[in-house]
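Trainee: Could we go through this model together? I would like to learn what stands behind the labels.

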Amino acid sequence: MPLVTSEKMLSDAQAGGYAVGAFNVENMEMVKAVIEAAEELNAPVMLQTTPSTVKYGTLETYYAIVAAEAKKASVPVCLHLDHGSSFELAVQAIKAGYTSVMIDGSHENFENNIAVTKKVADVARACNIPVEAELGKVGGKEDDLEAETDTNTDPMEAKEFVERTGVLSLAIAIGTAHGFYAGTPVLDKERVSEIRKVVSVPLVLHGASGLSDEDVRECARRGMCKVNFATELRAAYTEAGKKLLAEKPDTFDPKKLGIVGMEAVKELVKGRIRVCGCVDKA
Ligand SMILES: [Zn+2]
């Protein structure tokens, strides 16, 4: 079917107490793997690309690949701009056909974050495209594992932020970090429930690669309606290729590398969709 927006799939998830998996894709093989996994489990799914990914390809190229693959699928597929870094990029993504965008002003102060987010949300609303924003600091690859409680999202700020910007979903910081964890992250899961109580829009969990299944499940139960998985997909794809090359060093056809990469990503994504609880929610 044609691409759908994230609005209904996330509000359904919110009502149903589960989360939709959002998977970062880098190439055609990863797109096919994610959509096939969702199709096999009859799950709604979001595919997303970061600014560095759309710099590597282009918005138009990723849109064309995802739209073509989604057209063959019977489950709802949404294409989302992850961590949109500017008003301009968010608008370009909407023009290119993306059906959901994130504007990430979380590195700005509260008022500037509101200003840039509202600017994007106002334009996106006119195009019927839902906007995700971020408040609080999700750690980066270099960060320590200890939850930095002072950078976790404040519930009352979250409430004010959503009311003043008009965003349709909000990424909150609860102690996760992007990239892989070297140890066990300390998550403030109670914070999810506190924010859930005062914020009406679906909440989004970033930095889920490497979290335990139980952590992801509990976050979904407490109100996280979208869970992002990125790093572990890239690792699974590349590891499969490395394994093939180690076993068969004379491999020269990129399709052979693509096939093992797709299989690895598809299995991983199926596992994550199950953990999110969105099997048969298409
Ligand atoms: Zn993120």
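Mentor: Gladly. Let us begin with a crossing: helix 8 passes helix 9 in a right-handed crossing. This is a predicted model, where local features need pLDDT of at least 70, side-chain atom pairs count only at pLDDT 80 or more, and totals for chains, interfaces and linings use all residues. Residues are numbered from 1 along each chain as its sequence is written.

Trainee: What makes a crossing right-handed?

Mentor: The near helix is turned clockwise from the far one by less than a right angle; anticlockwise would be left-handed.

Trainee: Which residues make the contact of helix 8 and helix 9?

Mentor: Helix 8 brings Lys189, Val192, Ser193 and Arg196, and helix 9 brings Glu218, Cys219 and Arg222. Two residues are in contact if their C-beta atoms, placed from the backbone, lie within 7 Å. By class, two of these residues are nonpolar, one is polar and four are charged.

Trainee: Why are helix 8 and helix 9 called roughly parallel?

Mentor: Helix 8 (residues 189–198) and helix 9 (residues 213–222) pack at about 15°, with axes 9 Å apart. Angles under 35 degrees count as roughly parallel, so the two helices earn that label.

Trainee: Why does glutamate 218 count as partly exposed?

Mentor: A residue is buried if 20 or more other C-beta atoms lie within 10 Å of its own, exposed if 12 or fewer, and partly exposed in between, with C-beta atoms placed from the backbone. Glutamate 218 has 16 such neighbours, so it is partly exposed. Glutamate 218 is also 9.7 Å from tyrosine 18, C-alpha to C-alpha, although they are 200 residues apart in sequence.

Trainee: What is notable about the phi of asparagine 42?

Mentor: Its phi is positive, about 55°, although asparagine 42 is not a glycine. Asparagine 42 lies in the loop between helix 2 (28–41) and strand 2 (45–49). With 14 C-beta neighbours inside 10 Å, asparagine 42 is therefore partly exposed.

Trainee: And aspartate 280: buried or exposed?

Mentor: Exposed, because 8 other C-beta atoms lie within 10 Å. Aspartate 280, in the segment after helix 11, has a positive phi of about 65° and is not a glycine either.

Trainee: Which residues touch the most other members of the largest nonpolar core?

Mentor: Val20, Val34, Val101 and Leu170, out of 90 residues. Helix 11 (residues 254–276) gives the most to this core, with nine residues. Beyond four places in sequence, valine 34 is in contact with Phe23, Val25, Val45, Leu47, Val265 and Val269.

Trainee: What makes a set of residues a nonpolar core?

Mentor: Its members are buried Ala, Val, Leu, Ile, Met, Phe, Trp, Tyr and Cys residues joined through C-beta atoms within 7 Å.

How values were computed: Helices (H or I, at least four residues) and strands (E, at least two) are DSSP runs, numbered from the N terminus. Axes are lines fitted to C-alpha atoms, for helices over the stretch in contact, and angles run from 0 to 180 degrees between N-to-C directions. Angles under 35 degrees count as roughly parallel, over 145 as roughly antiparallel, 65 to 115 as roughly perpendicular and the rest as oblique. Ala, Val, Leu, Ile, Met, Phe, Trp, Tyr, Cys and Pro count as nonpolar, Asp, Glu, Lys and Arg as charged, and the others, Gly among them, as polar.
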